[in-house]
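Visitor: I should like a close look at a single part of this model. Please take one residue, set out its surroundings, and then widen the view to the packing of helices.

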Amino acid sequence: MFHPAYEAELPDGHRFPMRKYGRLAETLRARGLVPDGFVMPEPADAALLSGAHDPAYVAAVLAAQVPRAIERAIGLPVTESVAARSRASAGGTLRAARLALGHGLAGSTAGGSHHARRDGGAGFCVFNDVAVAALALRREGAIGRALIIDLDVHQGDGTADCLAREPELFTLSIHCERNYPHDKVPGDLDIGLPDGLGDAEYRAVLEAHLPGLVQNFAPDLIFYNAGVDPHRDDRLGRLDLTDDGLRARDRYVVGLARSQGVPLCAVIGGGYGSDIDALAARHAFVFEAMAALA
């Protein structure tokens, strides 16, 4: 799943690595992982977005008239280009989820905007694409239960907020405890990790929690936020995973979904730094895992 709008225009020198989205798409093409080309999603409209977000906030974003305080919390200028990117990202996650339900595995080269809460965005996140998609699929009866496995290094506060009243949409966040956001929103299961946790210890946490959760909750669909910011070189990380550790993590999660017969929709989540090629290569791991295990 890719849309040219995934890569919004930002002021020169902005610290958010927006170029990684287009570079990821180029990487996947070069590695032969999209032989039939990308599916281009329909951007989400106001009605779809308002299923997860306050309609007044949605209207403000689409008009590029977000209050300055919320814009500061987001950390991006909410221009027409950023609004278009956010609509395309939400639409991409929903389309990928539909494809996963039909084919078993699918992913978007954007998404994972898990800090966006119902009333406003934060932490480089404008609309919560996973919440938008999960709620839309449940409203239309396409799913009864969904499990959100969020392995971004930051706690999924926005997803927990958007889905707080939805017991059939289970939010799991495994994150670095002493990292952003400081005002965490409790989800259904939050596992805060200590700074500096490495590959083996991280894998042990996954093995201790994920199989039982998938078996006992029995979801119709898994949304997997495969953020690569747990990497030891990530500018906003604080954990100590290597490339091999991230690659093994993604294969483990995708393999678990396949072994349990649960469709999985992957989104790429966070990953921060100035080396765009390295970021794109790490974000490609989850697509490699899906291709290998399809």
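Guide: Contact here means heavy atoms within 4.5 Å. The model is a predicted one. With neighbours within four places in sequence left aside, the residues in contact with D250 are Y224, A226, F285, V286 and A289. D250 itself belongs to helix α9, which covers residues 243-260. Its relative accessibility is 1%, and D250 therefore counts as buried, the cut-off being under 20%. One of its contacts can be described at the level of atoms: a polar atom of the D250 side chain lies 3.3 Å from the backbone nitrogen of V286. A polar contact requires a pair of N or O atoms within 3.5 Å.

The view may now be widened to the helix that carries D250. The axes of α9 and helix α10, residues 276-293, come within 9 Å and cross at roughly 35°. This crossing is right-handed. On the α9 side, the contact is made by D243, L246, R247, D250, R251, V254, G255 and R258. On the α10 side, it is made by R282, F285, V286, E288, A289, M290, A292 and L293. D250 is thus part of the contact between the helices, and F285, V286 and A289 appear both there and among the residues that D250 touches. By class, the contact of α9 with α10 comprises 8 nonpolar, 1 polar and 7 charged residues.

A second pair of helices may be set beside this one. Helix α5 (residues 80-103) and helix α6 (residues 129-139) have axes that come within 8 Å and cross at roughly 50°. These two helices are therefore oblique to each other. Their crossing is right-handed. From α5, the contact draws on S89, A90, T93, L94, A97, R98 and L101, and from α6 on D129, V130, V132, A133, A136 and L137. These residues divide into 9 nonpolar, 2 polar and 2 charged.

V130, a member of that contact, also leads to a further residue. Its C-alpha atom is 10.0 Å from that of L163, and the two residues are 33 apart along the chain. L163 is placed in the loop between α7 (157-162) and β3 (169-176). With a relative accessible area of 3%, L163 is buried. Residues up to four places away in sequence not being counted, L163 touches A131, L135, I148, L169 and T171.

Notes. Residues numbered from 1 in each chain as written. Predicted model: local features only at pLDDT ≥ 70, side-chain atom pairs only at ≥ 80, totals over all residues. Heavy atoms only, no water. Helix = DSSP H or I, 4+ residues; strand = E, 2+ residues; numbered from the N terminus. Buried < 20%, exposed > 50% of the residue type's maximum accessible area, 1.4 Å probe, protein only. Axes fitted to C-alpha atoms, helices over the stretch in contact; angles between N-to-C directions. Parallel < 35°, antiparallel > 145°, perpendicular 65-115°, else oblique. Left-handed = near helix turned anticlockwise from the far one by under 90°. Nonpolar A, V, L, I, M, F, W, Y, C, P; charged D, E, K, R; others polar. Polar contact = N/O pair within 3.5 Å; in protein donor to acceptor, adjacent residues only side chain to side chain.
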